[in-house]
Amino acid sequence: MTHAAEPETDDGFAAFATAAWPRLVRTAQLLTGDFHEAEDLVQTTLAKVYGRWGRIPPEGVDLYVRRALVNNNLSRLRRRRVAHLLVPVLPEPARHRDAGHAEHVEERAVLLEALADLSARQRTVMVLRYWDDLTEQEIADVLQCSIGTVKTHARRGLAALRAHPRLASGPGPLAGPPRPSGPPPLPGPPLRTPYGARP
């Protein structure tokens, strides 16, 4: 008995996922505040993207994946709010002890703490604008909203971060010009890439 050959469904997905994994995890970590949740979020997002890979236009892959990542995170936050209403005291998440210099770990902890105080939309806009370096139009495309809405979230989010007591107390990731040249480093364990060799 002969078996029909499986259809070619990858068509570059593995290469894309391997290359995109580090930056997607970095973005997801800023969105979630937790390295392991970030990996889970990216894993879930890429699994969903893989199911529609053949129908995504090559020029629209980055937009599609970013939008999927953001939407999956917003869904995760909604589920968490529901769980919080049902269970008043949630168990503490497991924390990963990061390797690296103590000051870098502390800087990241302060940044994640400040981001966690923002609304989900403000936090998303801040991450996409100042760490992923997207334009306002690109963020509007990801969030499927107006540029005016993006500007409002960015203005309020940046003001909230700059007013945060632990960020305002000294130089940090938001010190200096409002448009940093690149994202601040996020020290942590080596990124594990489930779709190929480590980048």
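A residue counts as buried when its relative accessible area is under 20%, as exposed when that area is over 50%, and as partly exposed in between. The model described here is predicted, and in it D141 has a relative accessible area of 32%, which means that D141 is partly exposed. This residue belongs to helix 6, which spans residues 136-143. Outside its neighbours within four places in sequence, D141 is in contact with L63 and R67. The link to L63 joins positions that are 78 residues apart along the chain, and their C-alpha atoms are separated by 7.6 Å.

The wider setting of that contact is a chain with eight helices and zero strands. Along the sequence, the pattern reads α-α-α-α-α-α-α-α. The protein chain has 199 residues, of which 38% count as buried. Among its contacts with a separation of 6 or more, 68% are made by residues 24 or more positions apart.

The packing of the helices can be followed from helix 1. Two packed helices are described by the angle between their axes and the distance between the axes. Helix 1 covers residues 13-32 and helix 2 covers residues 35-51; their axes lie 8 Å apart, at an angle of about 140 degrees. Helix 1 and helix 2 are therefore oblique to each other, and their crossing is right-handed. On the side of helix 1, the residues that meet helix 2 include F13, F16, W21, L24 and V25. Helix 2 contributes, among others, F35, L41, V42, L46 and Y50. By class, this contact of helix 1 with helix 2 comprises 14 nonpolar, three polar and two charged residues.

Helix 1 also packs with helix 5, which consists of residues 120-131. The axes of these two helices come within 9 Å and cross at roughly 145 degrees. The crossing of helix 1 and helix 5 is likewise right-handed. From helix 1, the residues R26, T27, Q29, L30, L31 and T32 take part, and they meet R123, T124, V127, L128 and W131 of helix 5. The contact of helix 1 with helix 5 divides into five nonpolar, four polar and two charged residues.

Helix 3, made up of residues 61-86, contains N72. With a relative accessibility of 13%, N72 falls under the 20% limit and therefore counts as buried. When residues up to four places away in sequence are not counted, N72 touches L41, T44, T45 and K48. One of these, T45, is also a polar partner: the side chains of N72 and T45 make a polar contact at 2.9 Å. L41, another residue touched by N72, is also among the residues of helix 2 that meet helix 1.

Two loop residues complete the picture through their backbone angles. Most residues other than glycine have a negative phi. D133, in the loop between helix 5 and helix 6, has a positive phi near 65 degrees and is not a glycine. Its relative accessibility is 44%, so D133 counts as partly exposed. Q144 lies in the loop between helix 6 and helix 7, the latter being residues 147-163. Q144 too is a residue other than glycine with a positive phi, here about 55 degrees. Because its relative accessibility is 59%, Q144 counts as exposed.

Notes. Residues numbered from 1 in each chain as written. Predicted model: local features only at pLDDT ≥ 70, side-chain atom pairs only at ≥ 80, totals over all residues. Heavy atoms only, no water. Helix = DSSP H or I, 4+ residues; strand = E, 2+ residues; numbered from the N terminus. Buried < 20%, exposed > 50% of the residue type's maximum accessible area, 1.4 Å probe, protein only. Polar contact = N/O pair within 3.5 Å; in protein donor to acceptor, adjacent residues only side chain to side chain. Contact = heavy atoms within 4.5 Å. Axes fitted to C-alpha atoms, helices over the stretch in contact; angles between N-to-C directions. Parallel < 35°, antiparallel > 145°, perpendicular 65-115°, else oblique. Left-handed = near helix turned anticlockwise from the far one by under 90°. Nonpolar A, V, L, I, M, F, W, Y, C, P; charged D, E, K, R; others polar.
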